[in-house]
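Thank you all for coming; I would like to walk through one model with you, slowly, for those who have not seen it before. Please have the sequence and the structure open while I talk.

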Amino acid sequence: MDSSVPSPHRAARPAQPLTGTCIVPGDKSISHRALMFGALAVGQTRISGLLEGEDVLRTAAAMRALGASISREGADWLVAGRGIGGLTEPADVLDMGNSGTAARLLAGILATHDFYSVMTGDGSLRKRPMKRVIDPLSATGAQFFAREGGRLPLTIIGARNPLPLNYRLPVASAQVKSAILLAGLNAPGITEVEEPEPTRDHSENMLRHFGADVSVASAGHGRVIRLKGQPELRGADVTVPGDPSSAAFPLAASLLAAGSSLTVRNVGLNPLRTGLFTTLREMGASLTVQNERVAGGEPVGDILAAHGELRAVDVPARRAPSMIDEYPILAVLCAAARGTSRLRGLHELRVKESDRLTATAALLRVNGVHVEIEEDDLIIHGTGTIPGGGLVETHMDHRLAMSALVLGQITSAPVSIDDARFIDTSFPGFLRLMRGLGARMEAA
Ligand code: S3P
């Protein structure tokens, strides 16, 4: 949590221009995976650039409770793994805090470890559906006991003789895909998972990096991933790039606030994560990528964003997996764009840290923007001047909190949020970083 201001309430006031250069914390998806794969490998994994946000620290604590040894050495994190199948029964409940990724990926690991465990989370995570992993993972032979609707707390009795899975994902979800691959690590034979649309492939990339045999083939619009079970994963060095989903906030603030021009360095540019940047270009945003390179097996670059007029956009549903976490901040940008935007096919937003479809619409409405929800589409009527003055309910959702504070940079009256604490789950130091660039965000 940001300790510079004790109150959880924050207000954002119209900004001066945002200028300068910054880096954002490490990629959340890659950070979780680096700790988990490190714990399942033999030997030492050294991670640089790990996101030290609350979500990832929960994963570190859980992997420790399962027997891995994890420590910080200078700026790096070291993991001494237990090898595939080598984790041990935890002595207590595993608390995954606010993190759906941590909970769902860990369910995959626990399904094929022959012991008893119980997983819980905070008020937001305990509302989120786990059935999407419980159903396929049960076919390994593992037993799951959950609350009504497949909610946490969840008891898992891992399979003694795990079976490999062959599963077609009903929804495009990298978390479910990864849970199945993680379960497949400790099952003999080939685990196969088919996704209807390509989703972030950090698990596939990292599995290969740790020495697993993984193949990926196209299938219609999507992909089929095959993993050969029971490989010997070897500890490896992992360099975590800056999280493009976090970079989105300072970049958006710069696009919005008159006179701004700023650079975010070392941002991950995995093509399955860059749907927002494609969309911003369609809106006419001034966005330039410099210094493109590969670091730690992932493409990275420096992104320069400068203020300019934005036009409305129609985002196809098929693009959603590549920008699934960016819709709240995109909606803020659309509110300031000329014309009516339509963001299509957002059913998955309903099961994020909050019901992000409803909550994003509410965030804009309370600040005077005309918004509609039609089935799974969000329709935003852009307006030249946004009144602001609203108190945004953030529902324990970090991305709603940051999106509201960015909106407050361009409204006539300050925008307030009810709770800033959850920002630390993915972006510790957000307020400090934004203020350093010229944003006005303060205790209400
Ligand atoms: C993630 C996948 C996405 C995303 C989440 C991180 C991951 O969730 O929203 O923030 O690391 O695999 P879904 O798999 O539910 O789409």
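Let me begin with the interior, where the largest nonpolar core has 73 residues, and those with the most contacts inside it are Leu343, Leu364, Ile380 and Phe430. By nonpolar core I mean a set of buried Ala, Val, Leu, Ile, Met, Phe, Trp, Tyr and Cys residues joined through side-chain atoms within 4.5 Å, and buried means under 20% relative accessible area, exposed over 50%, and partly exposed in between, with a 1.4 Å probe and protein chains only. Phe430, leaving aside its neighbours within four places in sequence, is in contact with Phe249, Met402, Leu405, Val406, Ile423 and Met441, where contact means heavy atoms within 4.5 Å. A second, separate core has 64 residues, among them Ala34, Ala60, Leu185 and Phe210.

Before going further, I should say that this is a predicted model, in which local features need pLDDT of at least 70 and side-chain atom pairs count only at pLDDT 80 or more, while totals for chains, interfaces and linings use all residues. Residues are numbered from 1 along each chain as its sequence is written, and side-chain values use heavy atoms, with hydrogens and water left out.

Now to the helices, which, like the strands, are DSSP runs numbered from the N terminus, helices being H or I with at least four residues and strands E with at least two. The axes of helix α1, residues 28–40, and helix α2, residues 54–65, come within 9 Å and cross at roughly 5 degrees; axes here are lines fitted to C-alpha atoms, for helices over the stretch in contact, and angles run from 0 to 180 degrees between N-to-C directions. That makes α1 roughly parallel to α2, a label given to angles under 35 degrees, whereas those over 145 count as roughly antiparallel, 65 to 115 as roughly perpendicular and the rest as oblique. On the α1 side the meeting residues are Lys28, Ser31, His32, Leu35, Met36 and Ala39, and on the α2 side they are Asp55, Val56, Thr59, Ala60 and Met63.

Which strands make up the open sheet, and in what order? Four strands form it, in the order β6-β7-β9-β8, with mixed pairing; two strands pair if DSSP finds at least two bridges between them. β6 (94–95) and β8 (143–147) are the edge strands, each pairing on one side only. Four bridges join β8 to β9, and these two run antiparallel, with Phe145 standing opposite Thr155 in β9. Helix α3, residues 100–111, lies across β6, β7 (116–120), β8 and β9, and runs at about 175 degrees to β7. Strand β9, residues 151–157, also holds Pro153, and the peptide bond from Leu152 to Pro153 is cis, with omega near 0 degrees.

Elsewhere, strands β20 (residues 370–374) and β21 (residues 377–381) run antiparallel and are joined by five bridges, with Glu374 opposite Asp377. The two form a hairpin with two residues between them, and in the turn Glu375 has a positive phi of about 50 degrees.

Where else does a residue that is not a glycine have a positive phi? Asn291 does, at about 60 degrees; this residue lies in strand β16, residues 286–295, and is exposed, with a relative accessible area of 53%.
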